[in-house]
Amino acid sequence: MAERLLIRALKGGKSTKIVTLNGKNMTKMPSMLEKLPGLKTLDLQNNRIPKVCPEISTLTQLTALNLGNNLLEEVPEEMKYLTSLKKLHLFGNKIHRFASGVCDGLQNLILLNLNNNQLTWIPQEISRLKSLTYLSINHNRLASIPRELCFLENLSELQLNYNQLICIPKEMNFLKKLQKLLLVRNNIESLPEGLCDLFNLRILDIAGNVIQMFPPGFQDLKLREFYCEGNPLFLKQPVNAVKHEDIWSLQEITSRLIMNQLAEKNPFLMQAIEWYPQVRNIISQGRKCAICGKSFLTVWLECVEFFPPSKNWKISRNLQLVPLQILICSYKCFNQRDPNLFGIAQV
């Protein structure tokens, strides 16, 4: 069947624009493709092809290539010769590396689908895909992503679900056109402050991570959909507290200053403190705020506040049963404000 379809395509010669050999149990890519220089779309998904043939590099007018569900082990070097390519589907292979220089010629690539592969890293050269708009690398083994990915200025959709990511580059703020960011089921502990500069972001899904709080300005995002279930979010719960006075004592102010300076390893104080055992005894009773990590001695005043998220945000169904609040840690000391981190909490 595959041979008959290919022969029919070859009869069309330069006028053949589309070749579909989907699910034909092919074990190699037909080298006769070089005789179809006018080919625009090539669909070879659901076969058993382990590598591409060198002849594919002659298909310089090809705009869409689907090699999904095959046996490829790398993003092939031959791709760099497909200078007209706009859509590249490589999902469901065994890809664990990018061939050297593969990104060099893909200046017109708009969509790259690498879902369900075995990638553990992304090369810095991915920043050369200047036209890339949609990037999907779900269900791989990525532990990190390079900062260079954040320089894809035309990127509007980024999917990194089901990987092993721990953090996101702080350069995320350069993705000014990003509208959809999916980070489901990773090991992300916090999001970078640059995320809050993405004013075009409309959909954010961080379900199933280990996030407790969010960066300053998070509540100002213009989101339409926000999903955060499965994270150890801070809960707004009633606590007992005694507020002795609104004005800190001189001992409290001095102790906070000393403890925070010692935490920053101030050499002068570290040496001087040795001569004052009474001071050492006092500050040894100090504690740290569980939210922002700052030191205090006796009374902790208004460390956190809660704010409702925007009414325009569509949230997870299982979170709609309880009101959500945005948590901001607003530690204030000696006229210095440390905004620290935000969090979402269930009341």
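These legends walk you through four close-up views of a predicted model.

**View 1. A cavity enclosed within the predicted model.**
Start with the empty space. Rolling a probe the size of a water molecule over the atoms shows where empty space is left. Here the count comes to 1 cavity of 30 Å³ or more, and the largest cavity holds about 40 Å³ of space. Which residues line the largest cavity? Look for Val75, Leu88, Phe98, Val102, Cys103, Leu106, Leu109, Leu112 and Leu129. The lining divides into 9 nonpolar residues, with no polar and no charged ones.

**View 2. Arg97 and Glu74 form a salt bridge.**
The structure holds 5 salt bridges, and this view shows one of them, between Arg97 and Glu74. Their closest N and O atoms are 3.1 Å apart. Arg97 lies in the loop between β4 (87–89) and β5 (111–113), while Glu74 lies in the loop between β3 (64–66) and β4, so the pair ties together parts that are 23 residues apart in sequence. Are these partners buried or exposed? Arg97 is partly exposed, with a relative accessible area of 32%. Glu74 is partly exposed too, with a relative accessible area of 27%.

**View 3. Arg128 and Asp104 form a salt bridge.**
Now find Arg128 and Asp104, whose closest N and O atoms are 2.3 Å apart. This pair links distant parts of the chain. Arg128 sits in the loop between β5 and β6 (134–136), and Asp104 in the loop between β4 and β5, 24 residues apart. Arg128 counts as partly exposed, at 36% relative accessibility. For Asp104 the relative accessibility is 37%, so Asp104 counts as partly exposed.

**View 4. Arg256 and Glu252 form a salt bridge within helix α2.**
Where do the two partners lie in this last view? Arg256 and Glu252 both belong to helix α2 (residues 250–263). They are 4 residues apart, which is about one turn of the helix. The closest N and O atoms of this salt bridge are 2.6 Å apart. To judge whether the partners are buried, keep one cut-off in mind: buried means under 20% relative accessible area. Arg256 has a relative accessible area of 1%, so Arg256 is buried. Glu252 has 2% relative accessibility and therefore counts as buried as well. Take a moment to find both side chains in the helix before you move on.

Methods. Residues are numbered from 1 along each chain as its sequence is written. This is a predicted model: local features need pLDDT of at least 70, side-chain atom pairs count only at pLDDT 80 or more; totals for chains, interfaces and linings use all residues. Side-chain values use heavy atoms; hydrogens and water are left out. On a 1 Å grid over the protein atoms alone, a cavity is a set of points where a 1.4 Å probe fits but cannot get out, and a pocket is an open set with protein on both sides within 12 Å along at least five of seven lines; lining residues have an atom within 4 Å of a point. Grid points are joined across faces, edges and corners, and a volume is the space filled by probe spheres set on the points. Ala, Val, Leu, Ile, Met, Phe, Trp, Tyr, Cys and Pro count as nonpolar, Asp, Glu, Lys and Arg as charged, and the others, Gly among them, as polar. A salt bridge is a side-chain nitrogen of Lys or Arg within 4 Å of a carboxyl oxygen of Asp or Glu. Helices (H or I, at least four residues) and strands (E, at least two) are DSSP runs, numbered from the N terminus. Buried means under 20% relative accessible area, exposed over 50%, partly exposed in between (1.4 Å probe, protein chains only).
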